[in-house]
Amino acid sequence: MAISRETSGKIGFTCGDILLIPDLQDAVVLAGASGMQRAIHRVNVMEVPDVIDWVRPGEFLITSGFPFRDHPEVLLAIIPQLAEKGVAALGVKTKRFIDHIPEQVLELADQLGFPILELPASTVFSDVVRGIMERVLVQEARELSLLQSRFQKLSQQLLFGRGLEEFVQALDSMLDNPIVLLDDADHLLLSPQAAALSTDPAVWSGLREFSNLGVSFVTVGARRIRVYISEVGGQRHQRCLLMLLEWNQELTVVDQLTIDRVGVLVGLEMINAQARREVESKYVDQFLQDWLSGRIVTSEDLLIRGEACGCPMPEGRRLYAGLVRWLDGKPQARALQSAMRRLRARLAPHIHVTLLEGELALLLSVAPEGEPEAVLAQALSELGDVFGVGSCSICLGHVVQHTHLVQMSYQDARKIHAISAICDFREPIIDNRRLGVFELLYLLPDNEEVQAYADRYVAPLLAYDKKHKTMLLETVKLYFRHNRNVKKTSQELFTHYNTVTYRIERACELLGLRQDEGDDLLQLQLALKLHEMRPAAK
């Protein structure tokens with residue numbers, strides 16, 4: 001649906017139009033000619049000296065000069081105040097109470113661009129009020145009609161168009177100025193003219209933080225322009241902004257009102273779009289969870305469900321499953337869901353993301369000549385922006401070549417996730433190569449011999465700690481975690497260096513181990529890892 005800009009001509013009744021009124025054709029512009037384009041919305045009469053408190057923006061103020069008949073120089077103080085209040089112009093009927101306006105007053109009005117008109121001596125104020133207000137009301141009726149026409153056209157656009165993108169294009173064409181829509185997640189929807197500006201997205205998101213609603217200013221390229229900012233309607237979208245840039249032509253009052261009115265339509269459409277995305281997201285989640293868990297039996301089912309969910313099966317690409325491991329505390333479920341949506345929006349189709357067993361699960365699709373590290377670096381960067389740099393690692397399963405083998409890569413990622421948590425590996429990307437001998441410990445069968453080996457070293461420490469209310473076992477674990485560094489161990493335990501040394505010596509004494517014998521300490525470390533890898537045995 002194509003919508004073109006209406007040729008409505010000048011919007012608003014201005015000071016220049018006063019001279020077109022028959023009763024005021026003989027009026028003379030004494031000063032402030034540069035401000036004759038000011039809009040007039042009403043008329044007021046000044047016959048008292050303290051009128052400043054009663055004037056309103058957009059008024060044409062008329063006077064017989066009676067308030068300052070004896071001291072015309074008083075106007076020197078009044079004119080700046082009227083300009084500051086937003087009064088459109090001052091009309092003075094001379095010859096009765098005041099012969100002329102002082103030259104200093106006229107010079108000041110010229111500097112301020114504040115029009116001062118000399119009204120004919122025959123002017124009847126009631127005729128002036130009627131003549132101007134009739135024209136103001138007619139003009140406002142035209143503006144209201146134009147606004148209503150625009151609103152109807154744009155309503156039809158949303159009802160029968162193809163969503164917000166086409167709607168923003170239509171608004172761009174109608175107002176002949178660029179349009180920017182910024183949602184609550186700082187996602188941008190740019191009209192064709194706005195996209196052509198090639199502006200850093202941070203400029204638009206920065207307006208939310210550093211600008212108020214209404215008219216603000218922004219620098220685009222080498223130009224400093226006005227931008228009208230309106231909040232999109234709807235309680236669910238209180239942080240969404242619709243922006244109109246003054247790029248091709250000056251913004252009119254009707255343009256600004258148009259943006260305010262259509263904000264309600266945009267809000268409703270965003271709610272509808274969000275509801276659709278949530279439903280689609282649930283189908284995508286279920287599909288990815290079934291795929292990673294191996295619950296989809298045949299390749300045909302996998303292909304059909306993938307196409308239906310917008311996740312077509314990659315051909316000729318290498319596939320990896322991964323799990324995000326949080327290094328310093330797992331975020332709340334809502335934060336995880338928000339991170340999932342962020343990754344989907346910014347990294348698809350190279351990474352598919354879902355929540356599986358309470359963890360962020362990833363499915364990577366990598367070209368034959370590519371490497372997963374490049375894609376994973378993007379994912380870590382996005383997560384770092386939300387949760388902080390270094391807040392998580394990605395445990396990456398082994399590569400598979402066929403879609404029906406993805407579950408094997410996922411099981412591998414689960415194993416790496418478990419081992420890296422026990423061993424406190426903190427590298428950004430962890431795969432099988434990092435696990436070393438700990439992978440063999442993890443894979444040992446859970447039989448009596450393995451359990452007896454672990455108990456031989458762990459049980460005496462547990463018994464001693466229980467009897468004496470000490471922390472030998474915890475101290476030894478941290479001692480190995482910090483590569484037998486007593487200083488770092490004491491810092492994490494918030495205890496004295498000598499205390500840690502004593503506990504290590506006491507543990508070795510209980511177990512009959514020599515602290516200076518590498519093999520003895522290796523036996524102890526392996527037993528501790530076996531103990532941690534078998535929660536049921538504890």
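## A walk from the largest pocket outward

Helix H7 gives the most to the lining of the largest pocket, with 12 residues. Before going further: this is a predicted model, where local features need pLDDT of at least 70 and side-chain atom pairs count only at pLDDT 80 or more, while totals for chains, interfaces and linings use all residues. Residues are numbered from 1 along each chain as its sequence is written, and side-chain values use heavy atoms, with hydrogens and water left out.

Let's stay with that pocket. It holds about 1500 Å³ of space. Of its 45 lining residues, the closest to the centre are His187, Gln274, Arg277, Arg341 and Ala345. The elements that give two or more residues to this lining are helix H4 (164-175), helix H7 (253-293), helix H9 (333-347) and strand S12 (351-356). Helices (H or I, at least four residues) and strands (E, at least two) are DSSP runs, numbered from the N terminus. By class, the pocket lining divides into 22 nonpolar, 8 polar and 15 charged residues. Here Ala, Val, Leu, Ile, Met, Phe, Trp, Tyr, Cys and Pro count as nonpolar, Asp, Glu, Lys and Arg as charged, and the others, Gly among them, as polar.

How are these spaces found? Rolling a probe the size of a water molecule over the atoms shows where empty space is left. On a 1 Å grid over the protein atoms alone, a cavity is a set of points where a 1.4 Å probe fits but cannot get out, a pocket is an open set with protein on both sides within 12 Å along at least five of seven lines, and lining residues have an atom within 4 Å of a point. Grid points are joined across faces, edges and corners, and a volume is the space filled by probe spheres set on the points.

Now follow H9 to leucine 347, which lies in that helix. Leucine 347 is buried, with a relative accessible area of 5%; buried means under 20%, exposed over 50%, and partly exposed in between (1.4 Å probe, protein chains only). Leaving aside residues up to four places away in sequence, leucine 347 touches Gln378 and Ala379, with contact meaning heavy atoms within 4.5 Å. The C-alpha atoms of leucine 347 and glutamine 378 are separated by 7.8 Å, though the two are 31 residues apart along the chain. In the loop between H9 and S12 you'll find proline 349, joined to alanine 348 by a cis peptide bond with omega of about 5 degrees.

On to some backbone oddities. Most residues other than glycine have a negative phi, and most peptide bonds are trans. Aspartate 176 is not a glycine, yet has a positive phi of about 55 degrees. Its place is the loop between H4 and strand S6 (179-182), and aspartate 176 is partly exposed at 30% relative accessible area. Arginine 484 also has a positive phi, near 60 degrees. This arginine 484 sits in the loop between H15 and helix H16 (486-493) and is partly exposed too, at 42% relative accessibility.

H15 brings us to the closed spaces: the structure holds 2 cavities of 30 Å³ or more. The largest cavity has about 50 Å³ of space and is lined by Lys477, Phe480, Arg481, Gln525, Leu528, Lys529 and Glu532. Helix H15 (472-481) and helix H18 (518-533) each supply at least two of these residues, and H18 gives the most, with 4. The class split is 2 nonpolar, 1 polar and 4 charged. The second largest cavity has a volume of about 40 Å³. H15, helix H17 (497-511) and H18 each supply at least two residues of its lining, which has 8 nonpolar, no polar and no charged residues.

Finally, swing over to helix H2 (residues 103-112), where Val105, Leu106, Leu108 and Ala109 are buried. Seen down the axis of H2, the buried residues fall within an arc of 160 degrees, so they line one face of the helix; the arc is that of the directions from the helix axis to the C-beta atoms. Covering those buried residues are elements including strand S1 (28-31), helix H1 (75-85) and strand S5 (116-119). On the other side of H2, Glu103, Gln104 and Gln111 are exposed. Just after H2 comes glycine 113, with a positive phi of about 65 degrees.
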